[in-house]
Amino acid sequence: MEAVTIEDIHIQPGKLTARVRVAPDARRTDDRIARRVLHDHPDLARHSCVNDKGPAFASVIADTSVPHLLEHIVIDRQIAEEPPESRITFTGHTTWISEDAGLASIVVNFRSDACALRALAYACSYFDSVMKEET
């Protein structure tokens, strides 16, 4: 079984909403996952993030929901594809639809829907590979 499954995707002008289902053993991050993800995606630590622990994603990456982590990976991948002169600010938010069922909604803005879709597919595939290494 995959750690993350994309249930559906809705595209609106400038906004992608994805419903994702997370396996029971992959609902939250931990120190091992955080170290691995930050090794591969060091800029995530500096992402702005509204949370109760600090102003950056680094303050919660070792203990947050996996859908929240995916949101930040999607944003990170979009930033990586932007030209240096771009002035777009990528934002997102994640909410549990049913934490018991592992179902969450991830919403991110985009400049290019194709880029956002690639980033979402990458984030899910990448996290699956991280979880396979952990087992």
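Start with the contacts across the whole chain: in this predicted model, residues 24 or more positions apart supply 62% of the contacts that have a separation of 6 or more. Keep that figure in mind as you select residues below, since several stops pair up distant parts of the sequence.

**The whole protein**

Switch to a cartoon view and trace the chain from the N terminus. You will pass elements in the order β-β-α-α-β-β-α, which makes three helices and four strands. The radius of gyration is 14 Å, close to the 14 Å that the globule rule gives for 135 residues, so the protein is as compact as a globular protein of that length. If you draw a box around the C-alpha atoms along the principal axes, its sides come to roughly 40 × 30 × 30 Å.

Now turn on the surface. About 7200 Å² is exposed, and carbon and sulfur atoms supply 51% of that area. Of the 135 residues, 43% count as buried. Colour by charge next: there are 15 positive and 21 negative charges, and the mean positions of the two sets are 2 Å apart.

**First stop: strand S4**

Select residues 103-109, which form strand S4, and zoom in on Asn109. Is this residue buried or exposed? Its relative accessibility is 18%, and the cut-off for buried is under 20%, so Asn109 counts as buried. Show its neighbours, leaving out residues up to four places away in sequence: Asn109 touches Gly14, Lys15, Gln78, Thr89, Phe90 and Thr91. Look closely at Thr91, whose backbone nitrogen lies 2.6 Å from a polar atom of the Asn109 side chain.

Stay in the strand and move to Ser105, which also lies in S4. With a relative accessible area of 13%, Ser105 is buried. Which residues does Ser105 touch, not counting those up to four places away in sequence? Select Thr17, Ala18, His93, Thr94, Thr95 and Ile97 to see them.

**Second stop: helix H1**

Jump to residues 31-40, the span of helix H1, and pick out Arg35. Here the surface view is useful again: Arg35 has a relative accessible area of 56% and is exposed. To finish, draw a distance from the C-alpha of Arg35 to the C-alpha of Glu99. The two residues are 64 apart in sequence, and the line between them spans 24 Å.

Technical notes:
Residues are numbered from 1 along each chain as its sequence is written. This is a predicted model: local features need pLDDT of at least 70, side-chain atom pairs count only at pLDDT 80 or more; totals for chains, interfaces and linings use all residues. Side-chain values use heavy atoms; hydrogens and water are left out. Helices (H or I, at least four residues) and strands (E, at least two) are DSSP runs, numbered from the N terminus. The radius of gyration is taken over C-alpha atoms; the globule rule is 2.2 Å times the number of residues to the power 0.38. Buried means under 20% relative accessible area, exposed over 50%, partly exposed in between (1.4 Å probe, protein chains only). Contact means heavy atoms within 4.5 Å. Accessible areas come from the Shrake-Rupley method with a 1.4 Å probe; for residues, only the protein chains shown count as cover. Lys and Arg count as positive and Asp and Glu as negative; His and the chain ends are not counted. The place of a charge is taken as NZ of Lys, CZ of Arg, CG of Asp or CD of Glu. A polar contact is a pair of N or O atoms within 3.5 Å; within protein, one must be able to donate a hydrogen and the other to accept it, and residues adjacent in sequence count only if both atoms are side-chain atoms.
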